[in-house]
Amino acid sequence: MTSWFDNLADSILDGGVITEEQAVAILATADADLLALVAAGSRLRRTHFGMTIKLNYLVNLKSGLCPESCSYCSQALGSAAPILKYSWLKTEEAVKQADFGIRGGASRVCLVASGRGPGNRDVERVNDIVTRLKDDHHDLEVCACLGILKDGQAESLEEAGVDAYNHNINTAESFHDTIVKSHTYADRTNTVAKAKTAGLSPCSGLIVGMGESDEQVVEALFALRELDSDSIPINFLVPFDGTPMEGQWNLTPAQCLRIVVTARFVCPDKEIRLAGGREIHLRSLQAQALHVANSIFLGDYLTAEGQAAEDDIALIRDNGFTIIGQEKGPDGTQTPTIRARGAGTEQGANA
């Protein structure tokens, strides 16, 4: 029997749009209907992205030492989380770390630095790294994530070859001041707008599991649609010990999957990325989520460990997907690089 969300998928494929009420109803779907819901969402995914997966790789250029008060973040001011803290990586080290991910199959490298926002010297550092990466890998996409941008900085990044700029709204405007007070929701949306105006592809997503309501998850997703974010990372809160959100395990795998499906219905033609916390929260439902999302991070996150690249690649292959930009070997297989550790340690990257 055809379900209402099958009919909704038909409507969206015909040019219609989902309403906020329908999106809230998707988040309330019964567990017994979960696979049917995924099947409906996967039709939207396949229409726009086929059976491809984009692999993204994070390089943490600067870890910790952040003056912002974001209560979910292990790098924030006042956090006692036991994380690595280091200032800017040198260009050579940043390029080396990026190369681990590229060899593992990543077609986009995300250069991330903690802090409220970059100074002009910081932008120059990133531009130097980007120039090196683009010289070595002409088809590589580079996304910068440096915080709140000042006038002219987005243009400088674009001129250096940066393709995209990430600045997550993180949550609904109605919930924003609950999680951070050192900057405003408008600071975030204004930075996304600056990036887009400068010709950078806007990348903005959210974090779920912070105590927000279903209605606020939907509010955030509709805001991302309004911002016209090309790439939408969905992060699942990792409640680090030593942060104000320590011990807040508010998500179930099924609810995480419903959130991913809802994002696909709200933004059917946008890149939906499974980001931080996916391994912890989706667990055995990661495979189902890939049939709705079309992008994942390979390897580690900023301060949290991801699963091994061999497991990521196996997950992708076992579900019949093709990795964008990854070369096949002579036997037709795709062989990932073995992961090691990452930036800020004496060990190699876990990619």
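Student: In which strand is the place of Cys 110?

Tutor: Cys 110 belongs to strand β2, which covers residues 108-113. Strands (E, at least two residues) and helices (H or I, at least four) are DSSP runs, numbered from the N terminus. This is a predicted model, in which local features need pLDDT of at least 70, side-chain atom pairs count only at pLDDT 80 or more, and totals for chains, interfaces and linings use all residues. Residues are numbered from 1 along each chain as its sequence is written, and side-chain values use heavy atoms, with hydrogens and water left out.

Student: Why does Cys 110 count as buried?

Tutor: Buried means under 20% relative accessible area, exposed means over 50%, and partly exposed lies in between (1.4 Å probe, protein chains only). Cys 110 has 4% relative accessibility, and therefore it counts as buried.

Student: What does Cys 110 touch, not counting residues up to four places away in sequence?

Tutor: Contact means heavy atoms within 4.5 Å. By that rule, Cys 110 touches Asn 56, Tyr 57, Leu 58, Val 59, Cys 143 and Phe 297, with residues up to four places away in sequence not counted.

Student: Where is Cys 143, in strand β3 or elsewhere?

Tutor: Cys 143 is in strand β3, residues 141-145. Its relative accessibility is 1%, so Cys 143 counts as buried. Beyond four places in sequence, its contacts include Ala 164, Tyr 165, Asn 166 and Cys 203.

Student: Why is there no bond between the sulfur of Cys 110 and that of Cys 143?

Tutor: A disulfide is a covalent bond between the sulfur atoms of two cysteines. Here the term is applied to a pair of cysteine sulfur atoms within 2.5 Å. The closest cysteine sulfur to that of Cys 110 is in Cys 143, at 4.7 Å, which is too far for a bond. Cys 203 is likewise in no disulfide, as the nearest cysteine sulfur, in Cys 143, is 4.6 Å away. A search of the whole structure finds 0 disulfides. Cys 203 counts as buried because its relative accessibility is 1%.

Student: How do you know that Cys 110, Cys 143, Cys 203 and Arg 273 gather at one spot?

Tutor: An unreviewed UniProt entry lists these four under the annotation "binding site". They span 164 residues in sequence, yet no two of their C-alpha atoms are more than 13.7 Å apart, so they gather at one spot. UniProt positions follow the numbering used here, feature names are shortened, and annotations may be inferred rather than shown by experiment.

Student: Which other cysteines does UniProt list for "binding site"?

Tutor: The unreviewed entry also lists Cys 66, Cys 70 and Cys 73. Cys 66 is in the loop between β1 (52-62) and α4 (91-103), and Cys 73 lies in the loop between β1 and α4. Cys 66 counts as buried, because its relative accessibility is 12%.

Student: What makes Gln 288 partly exposed?

Tutor: Gln 288 has a relative accessible area of 23%, and therefore it falls between the limits for buried and exposed. Gln 288 is in helix α12, residues 286-290. Gln 288 touches Leu 35, Val 38 and Leu 257, not counting residues up to four places away in sequence.

Student: How many helices and strands does the chain have?

Tutor: The chain has 13 helices and 10 strands. Of its 351 residues, 59% are buried.
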